[in-house]
Amino acid sequence: MQPDHVDEILEQWGRERPDLDPSPIGLIGRLHRLADVLNVELRTVFAEAGLGDGDFDVLVTLRRHGAPYELTPGELGSATMVTSSAVTKRIDRLERAGLVTRRVSRDDARSRRIRLSDAGLELVDRLMERHIANEHRLVGGLSDRDRAQLAAILRRWGQSLDHGSSA
């Protein structure tokens, strides 16, 4: 296997500070580099439709929750893990674009319901096909076994960090 930029960094730290174990850089450095590349590659699909990744996130969250493709802003915030003010800004943009509608809840007049419009549903379905094809392209260099192992490792790592554990 050919060395990469992170291997060079590890070699340099090994030479300059042999008293340290820089091996986590091999994981975290590569993940950061991959995340940067993936963000650029994934955003292309959304940008071509005039959306930011946060806008796309709201649309796909509504879509994947099933008919009637409707949630409260709070539910959207929980499902997308962003602040309520960020959700509001996204909803405002998507409503102006005609991709979502906002209405008063039947159960609580203080609450609003956000629903995909017909245009929003058509757009998100079309974009999801392209998004999934793009993701398949991006992981195409990995075997099915590699993908499954990597997903399992990342899940365990994420869960250990979510639980405040260092293991």
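Which residue with a positive phi follows H5? The answer is Gly98, with a phi near 80°. This is a predicted model, and helix H5 makes a friendly place to begin a walk through it.

Let's start with the helix itself. H5 covers residues 84-96, which makes 13 residues. From its first C-alpha to its last, the helix reaches 18 Å, close to the 18 Å expected at 1.5 Å a residue. Four residues of H5 are buried: Val87, Arg90, Ile91 and Leu94. They lie on the same side of H5, because they cover an arc of only 100° around its axis. If you turn the helix to look at the face directed away from that buried side, you will find the exposed residues Lys89 and Arg96.

What do the buried residues of H5 pack against? Their partners are two helices, H3 (53-64) and H4 (73-80), together with two strands, S2 (100-104) and S3 (112-116).

Let's look more closely at one of these partners, H3. Two packed helices are described by the angle between their axes and the distance between the axes. For H3 and H5, the axes come within 10 Å and cross at roughly 80°. An angle of 65 to 115 degrees counts as roughly perpendicular, so H3 is roughly perpendicular to H5. On the H3 side, the contact is made by Gly54, Asp55, Asp57, Val58 and Leu59, while H5 brings Arg90, Arg93 and Leu94. Sorted by character, the residues of this contact are three nonpolar, one polar and four charged. Two names here are already familiar, since Arg90 and Leu94 are also among the buried residues of H5.

Now for the loops. Thr72 sits in the loop between strand S1 (70-71) and H4. Is Thr72 buried or exposed? It counts as buried, because its relative accessibility is 16% and the limit for buried is under 20%. Leaving aside residues up to four places away in sequence, Thr72 touches Ser111, Arg112 and Arg113. Strand S3 spans 112-116, and Arg112 and Arg113 carry numbers from that stretch.

Our last stop is Arg106, in the loop between S2 and S3. With 75% relative accessibility, Arg106 counts as exposed, as the limit for that word is over 50%. How far apart in space are Arg106 and Met1? From C-alpha to C-alpha the two are 60 Å apart, and in sequence they are 105 residues apart.

Methods: Residues are numbered from 1 along each chain as its sequence is written. This is a predicted model: local features need pLDDT of at least 70, side-chain atom pairs count only at pLDDT 80 or more; totals for chains, interfaces and linings use all residues. Side-chain values use heavy atoms; hydrogens and water are left out. The expected span of a helix is 1.5 Å times one less than its number of residues. Buried means under 20% relative accessible area, exposed over 50%, partly exposed in between (1.4 Å probe, protein chains only). The arc is that of the directions from the helix axis to the C-beta atoms. Contact means heavy atoms within 4.5 Å. Axes are lines fitted to C-alpha atoms, for helices over the stretch in contact, and angles run from 0 to 180 degrees between N-to-C directions. Angles under 35 degrees count as roughly parallel, over 145 as roughly antiparallel, 65 to 115 as roughly perpendicular and the rest as oblique. Ala, Val, Leu, Ile, Met, Phe, Trp, Tyr, Cys and Pro count as nonpolar, Asp, Glu, Lys and Arg as charged, and the others, Gly among them, as polar.
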